[in-house]
Amino acid sequence: MDLFLSTMSQMAYLFSFIALGFVLTKIGALPKESAKVISKLENNLLLPAMVLNTFTQRFTVKTLSDAGLTLLYSLGVLLVAIFVSLVLVRFLTGDGYLRKIYTYGLCFSNFGFMGYAVVNALFPAIYFEYVLFTLPLWTGIYVWGTPELLIADANKKGIKHRLKNFVNPMFICMIVGMIFGLTGTMGSMDAAGETFVAHGAVKWFMDVIAAAEKCMSPLAMLLTGITLAFIDLKKTFTTVSIYVVSLIRLLVFPGIFLAIGTLCGLEGTRFLCALCTLAMPLGLSTIVVPAAYGRDTSQAAGMALISHALSCITIPIIFSFVQL
């Protein structure tokens, strides 16, 4: 019960920013370009700052030795999710485009913006491991998810174009953070292994990065609310398939994984990281990317709205079972 109430409290805190973004956009207090500006700010500064700060502090020789198994665990979870999703969508709709949207939503949750915020609030001790765990998921998005499922005429995009997706601020900062972490260039953890002590000459730099990281979660939730404000609410709340896909994403996937894990005696950081990625609501990429190519985003927007609203209840429930 303690974990349930703690999780509910954190979800209420995060959802408050979603509500603020939604309301401020609806009443015209924020310009229409707000989502675009905040999205660029998140992707080019705040998310990279979070990755850089996390890897600088946590990526050491010891964690490097454990990284391989973590990445394999994540890859296994992703491959199973892809297989199950490809099977399920055949029973959900006969429309080829909607099948792709549903497949993306089931395969890739909002493990980024939402996931990082939730894990940072609820399980800060595994924050680094969670970021590491999501790397195969990002790879899946860049190599297959976005070009094959979300972008129109994806087949015209070659492998060279797909590889260019990896040259982005987040992955660059991850590599730089790995170097800083392994070499101890920026500092090191104290004897207790709890507080990062920066070198005097670069302390100001690490302070700036840490401050930028703290802005990531609130602005990510604000961005979610702004994006959801442009959804046709009447159409969203009357489409049954939206609820079906949302509940599969929020309850069925994490529920089955939790049941299997319990029966097989799985536990520990990797198990919790996997559960966190599976328990998050559907991502916002199904709205943003197709919209840029002039595709219909009404179903995707509806899934995002419903799943984010329901996640305030389902996430505390899932993690309560973890405590039990």
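In the predicted model, Thr-103 touches Ser-85, Leu-86, Val-89, Trp-144 and Leu-149, when residues up to four places away in sequence are not counted. Thr-103 itself belongs to helix H4, which covers residues 96–107. The relative accessible area of Thr-103 is 3%, and because this value is under the 20% cut-off, the residue is classed as buried.

The setting of Thr-103 may be placed against that of the whole chain. The protein chain comprises 324 residues, of which 50% count as buried. Its secondary structure consists of 15 helices and 2 strands. When contacts between residues at least 6 apart in sequence are considered, 81% of them join residues at least 24 apart. The accessible surface of the chain amounts to about 15,200 Å², and carbon and sulfur atoms account for 68% of that area.

Helix H2 was examined for its length and its bend. This helix contains 25 residues (residues 34–58), and at 1.5 Å a residue it should span 36 Å; the C-alpha atoms at its ends are 33 Å apart, so the two values agree. H2 also has a kink of about 45°, centred on Glu-42.

A second position of interest is Pro-169, which is found in helix H9 (residues 169–183). Contacts of Pro-169 include Asn-43, Asn-44 and Pro-48, with residues up to four places away in sequence left out. These three partners can be located by their numbers within helix H2, which covers residues 34–58. Pro-169 and Leu-52 are separated by 117 residues in sequence, yet the distance between their C-alpha atoms is 9.9 Å. Pro-169 has a relative accessibility of 29%; since partly exposed residues lie between the limits of 20% and 50%, Pro-169 is counted among them.

Attention was finally given to the surface. Leu-247, Leu-251, Val-252, Ile-256 and Ile-260 together make a nonpolar surface patch of about 390 Å². One of these residues, Leu-251, is located in helix H12, which covers residues 240–264. The relative accessible area of Leu-251 is 35%, and therefore this residue is partly exposed. In general, an α-helix has 3.6 residues a turn, so residues three or four places apart point the same way.

Key: Residues numbered from 1 in each chain as written. Predicted model: local features only at pLDDT ≥ 70, side-chain atom pairs only at ≥ 80, totals over all residues. Heavy atoms only, no water. Helix = DSSP H or I, 4+ residues; strand = E, 2+ residues; numbered from the N terminus. Buried < 20%, exposed > 50% of the residue type's maximum accessible area, 1.4 Å probe, protein only. Contact = heavy atoms within 4.5 Å. Expected span 1.5 Å × (residues − 1). Bend = angle between axes of the 7 residues up to and from the residue. Patch = residues over 30% accessible without salt bridge, like charges linked within 9 Å, V, L, I, M, F, W, Y side chains within 5 Å. Areas by Shrake-Rupley, 256 points an atom, 1.4 Å probe, with all protein chains shown as cover. Salt bridge = Lys/Arg side-chain N within 4 Å of Asp/Glu carboxyl O.
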